[in-house]
Amino acid sequence: GATAPVRAQGRSVAPSDPGTFEGIVVRLGSNTPVRRAVVELRHAEGGTMRQVMTLDDGTFAFDGVPPGRYRLFAESRGFVRTEYGQQTPGRPGTVVTLEAGRTVSGLVLALFPTAVLAGRVVDQDGKPVAATAIVVSTQHAAGYDAGEKEAELKTYIKKVVADVLPP
């Protein structure tokens, strides 16, 4: 049987009428907009539907989207690919439901910056050490604060260097 149209914002809406997703991609911690990030819209059941690129102010929009359940992802050079609602890398994000003829706005995808460790491994005489394995490991707990952890890591690296290279 046919489903009767509903009314939204003073107009008749059929159950199959498309809607819109609107949002912004920002850098985690600073909320600085990320320009030219790729935002991907996928059906919650899988499969890529569409991709758009953010504008200079970090905003994006997907128009003409069929009603349903979706996942949104964002990625940009220098950042870890992130899903909408994701609290830490490697964890799932949040499914967003789009109702017929509606707009879901105010979506914020906060990208996690990538990190680079660089340097030289030397012995106590300052000579390079060949074929040395370097292992960096982190564990993230609830309430993870990227700025605080970055400061802790820098302090830890300085301590390791001080232990390896006595004054």
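Good morning. I shall begin with a glutamine, Q86, which lies in the loop between β9 (82-83) and β10 (96-98). Please keep in mind throughout that this is a predicted model.

Is Q86 buried or exposed? Its relative accessible area is 14%, so Q86 counts as buried. Its side chain reaches the backbone nitrogen of E83 at 2.7 Å. Setting aside residues up to four places away in sequence, Q86 touches R81, R91, P92, G93 and F112.

One of those residues, F112, leads us to a sheet. V80 stands opposite F112 in β11. The strand β11 covers residues 103-113, and β8 pairs with it in the antiparallel sense over 2 bridges. Both strands belong to an open sheet of 4 strands, in the order β6-β3-β11-β8, with mixed pairing. Which strands stand at the edges? They are β6 (59-65) and β8 (79-80); each has a single partner strand, so one side of each is left without a neighbour in the sheet.

Let me turn to the aromatic residues. How many aromatic pairs does a search of the whole structure find? The search finds 2. In one of them, the ring centres of F21 and Y70 are 5.6 Å apart and the planes are at 75 degrees, so this pair is edge-to-face. F21 lies in strand β3 (residues 19-27) and Y70 in strand β7 (residues 68-75), so the pair ties together parts that are 49 residues apart in sequence. F21 counts as buried because its relative accessibility is 0%. Y70 is buried as well, and its relative accessible area is 0%.

The other pair is formed by F60 and F62, with 6.0 Å centre to centre and 65 degrees between the planes, and it is edge-to-face. F60 and F62 are both buried. A further ring, that of F73, has R42 lying over its face, at 5.3 Å from the ring centre.

I now come to the loop between β3 and β4. R36 is found in this loop, and β4 covers residues 38-43. N31 is found in the loop between β3 and β4 too. What is the phi of N31? It is positive, about 60 degrees, although N31 is not a glycine. R36 also has a positive phi of about 60 degrees, and R36 is not a glycine either. As for accessibility, N31 has a relative accessible area of 53%, so N31 is exposed.

R36 deserves a few more words. R36 and M53 are 17 residues apart in sequence, while their C-alpha atoms are 5.3 Å apart in space. Not counting residues up to four places away in sequence, R36 touches M53, T54, L55 and S76.

Of these, I would draw your attention to T54. Where is T54 placed? The residue is in the loop between β5 (48-53) and β6. T54 counts as buried because its relative accessibility is 4%. The side chain of T54 reaches the backbone nitrogen of R36 at 2.9 Å. In addition, a polar atom of the T54 side chain lies 2.8 Å from the backbone oxygen of V34. Leaving aside neighbours within four places in sequence, T54 is in contact with V25, V34, R35, R36, A37, V39, T59 and F60. That list includes F60, which we met as the partner of F62 in an aromatic pair.

Finally, a word on confidence. The protein chain has a mean pLDDT of 81, and 73% of its residues reach 70 or more. Which element has the lowest mean pLDDT, and which the highest? Strand β1 (residues 6-8) has the lowest, at 48, and β6 the highest, at 97. Over residues 1-7, pLDDT stays under 50, and the model has 8 contacts for them beyond four places in sequence. Residues 163-167 also have pLDDT under 50 throughout, with 5 contacts beyond four places in sequence. Where pLDDT is low, the predicted coordinates should not be read in detail.

To close, I return to the two polar side chains. Q86 reaches the backbone nitrogen of E83, and T54 reaches the backbone nitrogen of R36. Q86 is buried, and T54 counts as buried too. Thank you for your attention.

Note on methods:
Residues are numbered from 1 along each chain as its sequence is written. This is a predicted model: local features need pLDDT of at least 70, side-chain atom pairs count only at pLDDT 80 or more; totals for chains, interfaces and linings use all residues. Side-chain values use heavy atoms; hydrogens and water are left out. Two strands pair if DSSP finds at least two bridges between them. pLDDT is the predictor's confidence in each residue, from 0 to 100. Contact means heavy atoms within 4.5 Å. Rings of Phe, Tyr and Trp (its six-membered ring) pair if their centres lie within 6.5 Å; planes under 30 degrees apart count as stacked, over 60 as edge-to-face and the rest as tilted. Buried means under 20% relative accessible area, exposed over 50%, partly exposed in between (1.4 Å probe, protein chains only). A charge sits over a ring if NZ of Lys or CZ of Arg is within 6 Å of the ring centre and within 35 degrees of the ring normal. A polar contact is a pair of N or O atoms within 3.5 Å; within protein, one must be able to donate a hydrogen and the other to accept it, and residues adjacent in sequence count only if both atoms are side-chain atoms.
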